[in-house]
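Okay, thanks for staying on, everyone. I'll put the structure up and then walk you through the ligand site and a bit of the sheet.

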Amino acid sequence: MDIPGPAPRADGGAGAVAAAGGLHAYQLWLHATYGPVVRFQLPGAETAVSVADPVLLEATAHLDERPERLFAFLEPLFEAGNLQVLPAGEHAPLRRLLLSVLAGRPSHERYFARFTELVTELADRWAGKAAAHEPVASQKDLTALSLRMICTYALGGASVDPDGVVAAFEEVLTEHLGRLYRVPQPGDGEERGRRARDALAYLRARVDEVIAAHRPGSRTDRSDLIGALVEAGESPARIRDTVMMTMLAAHHTTGVAVSWTLHLLGHHPEAAARVAGELDRVLGDRAAPEYADLRRLTYLERVLKESMRLYPPGPYGARLTTGALVLGDYEIPAGATVFYPFRALHMNPAHWPEPEKFVPERFAPEETARRPRLAHVPFGLGPRSCEGAALATVEAELILAVLLKRFRFRPVPGHEVIPVERFVLWAADDIRLLADPRTPA
Ligand code: HEM
């Protein structure tokens with residue numbers, strides 16, 4: 001059967017994507033119009049198919065390559081090749097190595113105290129805003145916080161100037177994402193390009209210092225990313241790339257996951273009260289959880305999952321088919337680009353009744369067991385899924401626990417929150433919130 005979709009146009013699809021306001025918005029429209037499997041044109045991809053059905057997606061779950069062209073804008077950041085599009089054979093051992101550190105408890109425990117200090121500093125600043133009756137810019141502050149966290153983590157807590165690293169990374173990212181989304185930037189383009197190159201060189205030099213400080217065999221556990229890469233015999237260029245990739249993948253995603261969650265709780269006071277009650281029960285008088293407390297915060301975990309269902313920080317993923325694929329009644333040829341439209345998938349009414357509603361109870365174990373495995377995939381799926389999922393969850397739950405123990409959040413009257421695609425699912429004009437102290441300071 002032919003896969004439904006819009007009639008081909010002479011411009012190769014560029015106009016339709018632009019008119020919708022970007023690829024993510026276009027995919028949402030396509031699925032609303034043509035159903036869960038859609039074929040569409042995309043410049044550079046002869047066949048593009050987007051699949052928003054979690055059962056049919058199973059047939060794609062083994063795919064292990066991404067289409068290079070879609071990620072080409074990141075190429076200048078890497079020396080030994082963009083890790084997101086490494087061929088499967090080269091990618092698999094690196095993935096195992098990354099998972100052995102990022103998904104392991106030793107690394108989470110090692111940085112937990114530092115992460116707690118960083119979020120407590122933010123909470124103190126927000127208490128100042130609350131006292132002055134000023135709203136907080138949650139998206140800006142939380143992405144800055146998660147960047148700080150991942151810098152600490154990726155550089156192994158080394159005594160590298162954290163402000164310098166954060167500022168350099170922001171410089172690089174603003175320049176490259178700005179080019180991708182054609183966001184107008186102040187100042188002279190050449191000057192900005194030079195500053196971004198200098199910032200990238202600065203970051204690479206900092207990673208080299210950390211590499212140089214590692215002595216072979218000096219690592220004692222699986223908590224140290226650079227140490228693990230050095231020990232595995234990876235080249236310095238590949239190690240620098242991996243640190244860049246980790247920072248890039250980690251900071252906007254984790255920050256927006258938390259700011260969207262606060263946004264939703266601001267609009268759902270009963271769910272917020274239930275989270276606060278759970279935090280009071282589990283933490284008592286303590287302002288922050290210990291690592292071991294996180295697994296007792298079961299309602300908070302459901303709230304985070306439901307928030308990432310409604311606002312998946314990475315709005316879509318993509319794969320390349322290496323052979324023909326059968327998806328129910330449809331066949332997708334080899335060499336096609338398959339899109340995973342995470343948000344459309346999470347809104348599929350066949351698996352999510354009243355999909356627009358925020359209902360954390362959907363993630364009670366018996367409810368989850370009733371749904372197909374791939375109905376909720378904010379971290380992607382298969383051999384290219386997010387290696388940072390476990391770390392991101394620890395960070396997000398810690399941040400939420402500290403902030404929600406201390407504040408009750410309310411929307412700012414008249415402030416409109418508009419989701420847009422900016423590499424992650426971003427709010428166009430931030431998510432401003434009023435943070436009312438829950439207990440007297
Ligand atoms: C809430 C936070 C996060 C979300 C929602 C998220 C989501 C995603 C998604 C959707 C992908 C693409 C998956 C696919 O194509 O199937 C991805 C890839 C990736 N993420 Fe995350 N991520 C988060 C945080 C992190 C963190 C903290 C790290 C690292 C410390 C990280 C590292 C990576 C890496 C390395 C990849 C590339 C995967 C590969 O090609 O092997 N992410 N992430």
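**The ligand site and a small sheet**

So, let's start in a loop: Cys386 sits between α13, residues 365-370, and α14, residues 389-406. Keep in mind that this is a predicted model. Why start there? The ligand's iron atom gets a single donor from the protein, and that's the SG of Cys386, at 2.3 Å.

Now the surroundings. There are 27 residues around the ligand, and the ones that come nearest are Arg66, His91, Arg319, Cys386 and Glu387. Two of those names come back when you look at polar atoms. The side chain of His91 has an N or O atom 2.6 Å from a ligand oxygen, and the side chain of Glu387 likewise puts an N or O atom 2.6 Å from an oxygen of the ligand. With Leu381 it's a backbone N or O atom, 3.2 Å from a ligand oxygen.

Which elements give two or more residues to that shell? α3 (88-102), α9 (236-267) and α14 do, and α9 has the largest share, with seven residues. By class, you've got 15 nonpolar, seven polar and five charged residues in the shell.

Okay, α9 also takes us to the sheet, since α9 lies across β8 and β11, at about 80° to β8. That sheet is open, three strands ordered β3-β11-β8, with antiparallel pairing. β3 (136-137) and β8 (407-411) are the edges: each has a single partner strand, so one side of each has no neighbour in the sheet. Between β8 and β11, residues 432-437, there are five bridges, and Arg410 has Leu434 in β11 as its bridge partner.

Conventions
Residues numbered from 1 in each chain as written. Predicted model: local features only at pLDDT ≥ 70, side-chain atom pairs only at ≥ 80, totals over all residues. Heavy atoms only, no water. Donors = N, O, S within 2.8 Å, 3.2 Å for Na, K, Ca; no water. Helix = DSSP H or I, 4+ residues; strand = E, 2+ residues; numbered from the N terminus. Near = heavy atom within 4 Å. Polar contact = N/O pair within 3.5 Å; in protein donor to acceptor, adjacent residues only side chain to side chain. Nonpolar A, V, L, I, M, F, W, Y, C, P; charged D, E, K, R; others polar. Pairing = 2+ DSSP bridges. Contact = heavy atoms within 4.5 Å. Axes fitted to C-alpha atoms, helices over the stretch in contact; angles between N-to-C directions.
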